[in-house]
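These are my notebook entries from a session with one model, kept in the order in which I looked things up.

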Amino acid sequence: MTVEAKLGRVGADAADAVIVGLFEGERLPDGRATAMENALKGLLSDVLDIGDFKGKKGDTLLLYPRGAAPPKRVLLVGLGPRERFTLDIARQAAGKAGRALLDLGVTRLMTTVHGLGITGLSPDACAQATVEGTLLGTYRFSEFKTDNGQNGKRLDRLTVVYSHRGRARAIQAGVETGRIVADSTLLARDLSNAPGNALTPRGLADAASKMAKRAHLACQVFGKKEIEKIGMGALLAVNRGSEEPPRFIVLEHGQPSGKQGTIVFVGKGITFDSGGISIKPGDRMEEMKHDMSGAAAVVGAMQAIGALNLPAHVVGLIPATENLPDGRAYKPGDIIPTLAGKTIEVINTDAEGRVVLADALAYAARYKPAAVIDLATLTGACVVALGHHATGIMGNDEVVMARVQRAGNATGERVWPLPLWDEYHEQIKSEVADVKNTGGRPGGAITGAAFLQKFVDYPWVHLDIAGTAYTDREQPYCPKGATGAGVRLLVQFAKDWGK
Ligand code: BES
Ligand code: MN
Ligand code: ZN
């Protein structure tokens with residue numbers, strides 16, 4: 001697929017389809033009015049006069065110029081009121097428009113840059129959001145459909161048209177960043193959508209190491225023997241019920257530098273979560289193929305960070321295993337050793353994410369990190385608390401948490417805090433071990449984080465993406481299934497790290 005920026009007058013050249021973003025109640029996009037009107041010979045004006053298109057957020061109207069202008073199709077897309085415009089509205093509009101056209105079978109698109117000229121928004125940010133929205137919105141997971149060509153048409157070319165020569169560099173940079181970030185988000189979606197039989201811990205490690213070669217990152221994959229040698233008793237305990245051996249994946253970009261300090265991303269990599277001996281009900285258990293979405297976000301973000309060659313030292317860590325019941329599986333009541341030396345009493349084998357993360361977080365200490373962010377589909381309780389519209393954020397460092405929140409707002413990946421007070425730690429005290437792996441129903445998302453906190457001794461932020469990692473309703477720039485949650489946020493966080 002090609003993504004490009006082109007200086008020109010939108011609508012002036014032949015194209016299969018041109019997407020034009022319009023603000024509510026406004027006639028034509030700023031600065032391009034004359035070019036557009038000339039090219040489309042008043043067609044747009046007529047439509048706006050009749051009042052069939054008002055520019056409300058997400059509205060679309062497809063026009064056929066029938067020779068009055070060079071493009072075969074013009075798709076108007078509403079951006080809502082100018083004063084309420086945000087970059088996420090650009091993504092949503094671009095996603096809806098791109099998807100509508102792809103559904104018609106149009107695979108080569110031209111688009112205006114949504115939001116260009118709005119005070120406070122840079123042209124590169126607008127271009128980036130427009131490209132992200134289009135690529136994310138036209139994503140389809142069709143790898144396992146055998147009727148490809150038919151149902152599985154893919155976007156072939158996206159041309160971003162702009163008319164101000166002076167903005168060329170900014171727009172080009174934004175388009176390129178948008179392409180890289182979107183591609184990486186789609187990689188995360190592909191990994192998360194892949195079924196448990198296709199993406200085992202081994203498969204996840206292979207995907208990560210292939211990605212690392214492409215993006216020029218260092219990658220180490222530890223197998224079962226090495227995991228034993230390192231002493232990751234917690235990861236091994238969860239793995240016991242599975243025929244598939246575990247993996248521990250280490251990705252690395254850049255070099256340690258005293259000045260800025262190392263960032264570590266940790267992603268939960270349960271390639272399928274049946275609950276283990278504390279087995280889950282069958283209803284919607286298939287969704288637990290997504291239980292490695294934290295890992296997918298780390299792989300995706302590391303790809304983007306490598307491709308953008310960000311000036312930072314960033315490490316990605318992924319503990320990967322299935323969680324299955326079996327004669328050898330770990331059991332409620334078991335007490336297990338961990339890399340940190342602390343012991344865990346297993347109350348519920350379905351609280352396996354925090355168990356494998358305990359070892360990964362202990363491993364992260366080796367980098368003497370300035371900030372560690374873990375991402376995990378950790379608790380159903382987080383979905384109860386925040387629904388599907390925000391990722392839960394908890395941590396031990398206000399400064400890093402504020403940075404993550406800022407990155408979330410900038411990328412349309414909203415996070416919302418839950419308290420992590422000492423009292424919550426009472427709920428996970430064990431009579432027989434150092435900590436137990438569940439704290440009962442009250443505050444379930446928080447006691448999950450409180451458990452993780454026992455294994456960190458550095459600035460740390462936990463992101464519970466259980467509600468945001470996948471969706472059962474189509475969204476403006478995401479079809480049903482994995483969302484790629486976390487990729488854009490992590491990349492933005494790493495970009496801003498030096499500032
Ligand atoms: N992977 C699940 C959490 C989850 C649930 C993610 C629903 C996405 C949607 C996790 O491993 C789990 O089973 N958590 C338990 C913890 C409990 C036993 C303390 C839960 O949330 O019920
Ligand atoms: Mn579980
Ligand atoms: Zn799980």
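Which residues are the protein donors of the zinc ion (ligand 3)? Working on a predicted model, I found Lys268 through NZ, Asp273 and Asp291 each through OD, and Glu352 through OE, lying 2.0 to 2.4 Å from the zinc ion (ligand 3).

I then looked up the geometry: the 6 donor atoms around the zinc ion (ligand 3) subtend angles of 79 to 177°, and the arrangement is therefore octahedral. Along the chain, the donors of the zinc ion (ligand 3) follow the spacing K-x4-D-x17-D-x60-E. I noted that distant parts of the chain are linked here, since Lys268 sits in the loop between strand E9 (263–267) and strand E10 (269–273), whereas Asp291 sits in the loop between E10 and helix H10 (293–307), 23 residues apart.

Next I turned to the manganese ion (ligand 2), whose protein donors are Asp273 (OD), Asp350 through both O and OD, and Glu352 (OE), at 2.0 to 2.2 Å. Its 6 donor atoms give angles of 70 to 168°, and I recorded this site as irregular. The spacing of the donor residues of the manganese ion (ligand 2) in sequence reads D-x76-D-x1-E. How far apart are the two ions, the zinc ion (ligand 3) and the manganese ion (ligand 2)? I read 3.1 Å, with Asp273 coordinating both.

Away from the metals, I searched the whole structure for salt bridges and obtained 22. One of them joins the side chains of Lys56 and Glu24, with an N to O distance of 3.2 Å. This pair, too, links distant parts of the chain, 32 residues apart: Lys56 belongs to the loop between helix H2 (43–50) and strand E3 (60–63), and Glu24 to the loop between strand E2 (18–22) and helix H1 (33–40).

Last, I checked the surface for charge and found a patch of positive charge where Lys224, Lys225, Arg240 and Arg328 gather. Of these residues I placed Arg328, which lies in the loop between strand E11 (314–323) and strand E12 (335–337).

Note on methods: Residues numbered from 1 in each chain as written. Chains lettered and ligands numbered in written order. Predicted model: local features only at pLDDT ≥ 70, side-chain atom pairs only at ≥ 80, totals over all residues. Heavy atoms only, no water. Patch = residues over 30% accessible without salt bridge, like charges linked within 9 Å, V, L, I, M, F, W, Y side chains within 5 Å. Areas by Shrake-Rupley, 256 points an atom, 1.4 Å probe, with all protein chains shown as cover. Salt bridge = Lys/Arg side-chain N within 4 Å of Asp/Glu carboxyl O. Lys, Arg positive; Asp, Glu negative; His and termini not counted. Charge placed at Lys NZ, Arg CZ, Asp CG, Glu CD. Helix = DSSP H or I, 4+ residues; strand = E, 2+ residues; numbered from the N terminus. Donors = N, O, S within 2.8 Å, 3.2 Å for Na, K, Ca; no water. Tetrahedral: all angles 85-135°; square planar, octahedral: opposite > 155°, others 65-115°.
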